[in-house]
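Have your viewer ready and the ribbon display switched on. We will go from stop to stop, selecting a few things at a time.

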Amino acid sequence: MVTAEQVWDALAEIEDPEIPVISVVDLGVVRDVTVEGDRVHVEFTPTFLGCPALEVMRSRMATKIEELGGEPDVDVVLDDSWSTDRITAAGREKLRQAGFAPPPPRESAAPSLVQLQRAVHRCPYCGSTDTALENIFGPTPCRSLRYCRSCRQPFEQFKTI
């Protein structure tokens, strides 16, 4: 019989389809795992509504559960939005090591455009805080493009969502 711990461990092996340096568990999209007999129910919330990787993630989770001998029931939860606060500490470090600036912890107030432009964002390459917002629109809705004035490297900054 499959245990919830085995399922969590298996799901932690699934890479995010768009950012393969981080797993779906470290990204915080997996919300809950429940095991009842052979049936394994997984709830997950995509990083944003309309995420193009949604079906890929669902399929990979179902495959991992089947490999464990369980009957998958993978449910997309859309009534509660994902937040960058759900990224694990290990996930933030993996992002940084891959050249992404992980999002800072969310403040109690809602972020503003001024906050995105003026907040201190550390360069994932050299650690400098002398960085500038180059473009608020990155390759996906959850990322913006920044530039480090110290090491002169461009990098992607995860927006605080």
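Start by selecting D32 and E43: D32 stands opposite E43 in β2. Before moving on, note that this is a predicted model, in which local features need pLDDT of at least 70 and side-chain atom pairs count only at pLDDT 80 or more, while totals for chains, interfaces and linings use all residues. Residues are numbered from 1 along each chain as its sequence is written, and side-chain values use heavy atoms, with hydrogens and water left out.

**The three-stranded sheet**

Now widen the selection to β1 and to β2, residues 39-44; these strands pair in the antiparallel sense over six bridges. Strands here are DSSP runs of E with at least two residues, helices are runs of H or I with at least four, and both are numbered from the N terminus. Two strands count as paired if DSSP finds at least two bridges between them.

Add β3 and you have an open sheet of three strands, ordered β1-β2-β3, with mixed pairing. The edges are β1 (30-36) and β3 (71-76); each has a single partner strand, so one side of each is left without a neighbour in the sheet. From one strand to the next, the twist averages 15°.

**The helices across it**

Next, show α1, residues 4-11, which lies across β1 and β2 and runs at about 140° to β1. Then show α3, residues 54-67: this helix lies across β1, β2 and β3, at about 155° to β3. Contact means heavy atoms within 4.5 Å. Axes are lines fitted to C-alpha atoms, for helices over the stretch in contact, and angles run from 0 to 180 degrees between N-to-C directions.

**The four-stranded sheet**

Move to the open sheet with the order β4-β7-β6-β5, whose four strands also show mixed pairing. Its edge strands are β4 (100-101) and β5 (131-135), each pairing on one side only. Select β5 with β6 (residues 143-148) to see antiparallel pairing over four bridges. Within this pair, N135 stands opposite L145 in β6.

**The cysteines**

For the last stop, display the cysteine side chains. How many disulfides does a search of the whole structure find? It finds zero, where a disulfide is a pair of cysteine sulfur atoms within 2.5 Å. Pick C123: its nearest cysteine sulfur, in C151, is 3.7 Å away. C123 is buried (under 20% relative accessible area, 1.4 Å probe, protein chains only), at 3%. Finally, pick C126, whose sulfur is 3.6 Å from the closest cysteine sulfur, in C148, too far for a bond. C126 is partly exposed, with a relative accessible area of 42%; that class lies between buried and exposed, the latter being over 50%.
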